[in-house]
Amino acid sequence: MDKVIQLLGFSGSLRKGSYNTMLLNSLKELLPENVSLQIVSIADIPFYNGDLDLPDATERPQAVEAFRDAISKADALVIVSPEYNYSIPGALKNAIDWASRGEDSPILKKTVSLMGASNGMWGTVRMQMAFQPVFLTLGMRQVKPEVYVSKAQDKFDKEGKLIDEGTKKILIKNLLALKEAIEKQKTY
Ligand code: FNR
């Protein structure tokens, strides 16, 4: 049997009723064959502070170590995030900043799917634009098709289940592209 490809997913929204977390959870039912998805929360990651980072500290905060460790074990990342003020939510940017530090940074050159949901018309397009320089500096490769979920309030039921068939289709395409990108990478 082929080795299972392991994805690590996290949401840029910390609130319980988050559409983005709903979107992330909905991926579990749409995964291609031989692909698994572990979901972690970034809620406990403290603000980046160089005094808590190496070499000035003996170890990084526990929530940071756990996050970095999960990233290093994953074949690729799935980041699902809202747009705050046309940009990346602070908590998410902060988590990425922690993951980017040091020669042992686990996030450098990772393959990534970026998705987002908003209750407006633009489905996080500006947040995704704001991510481009971050991906560039970290050598991260984003797979397509891009996923912009607009009018999120109409696309989930009361239990948080994704009910929009068009959105499901694009998610399936994106996850398949992610799988193919990882498989290609592994043959080199
Ligand atoms: C927002 N929202 C928002 N929406 C958008 O399309 N563009 C934006 O620039 C912003 N800015 C923004 C800033 C802040 C601080 C908040 C809290 C919200 C609205 C946002 O899309 C909406 O609240 C989503 O529902 C948030 O995602 P979750 O929490 O449902 O995943």
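1. A good place to start is α4: its buried residues (under 20% relative accessible area, 1.4 Å probe, protein chains only) pack against β3 (76-80), α3 (90-99), β4 (111-117), β5 (141-142) and β6 (147-149). Those buried residues are Met127, Gln128, Phe131, Val134, Phe135 and Leu138. Helices here are DSSP runs (H or I, at least four residues), strands likewise (E, at least two), numbered from the N terminus.

2. Please keep in mind that this is a predicted model, with local features needing pLDDT of at least 70 and side-chain atom pairs pLDDT 80 or more, while totals for chains, interfaces and linings use all residues. Residues are numbered from 1 along each chain, and side-chain values use heavy atoms, without hydrogens and water.

3. On the geometry of α4, a bend of about 25 degrees sits at Phe131, with Pro133 following within four residues; the bend is the angle between axes fitted to the seven residues ending there and the seven starting there. After the helix comes Gly139, with a positive phi near 65 degrees.

4. Now for its neighbour: the axes of α3 and α4 come within 12 Å and cross at roughly 5 degrees, with axes fitted to C-alpha atoms over the stretch in contact and angles running from 0 to 180 degrees between N-to-C directions. The two helices are therefore roughly parallel (angles under 35 degrees). Leu92, Lys93 and Ile96 of α3 meet Phe131, Val134 and Leu138 of α4, contact meaning heavy atoms within 4.5 Å.

Definitions and conventions:
Buried means under 20% relative accessible area, exposed over 50%, partly exposed in between (1.4 Å probe, protein chains only). Angles under 35 degrees count as roughly parallel, over 145 as roughly antiparallel, 65 to 115 as roughly perpendicular and the rest as oblique.
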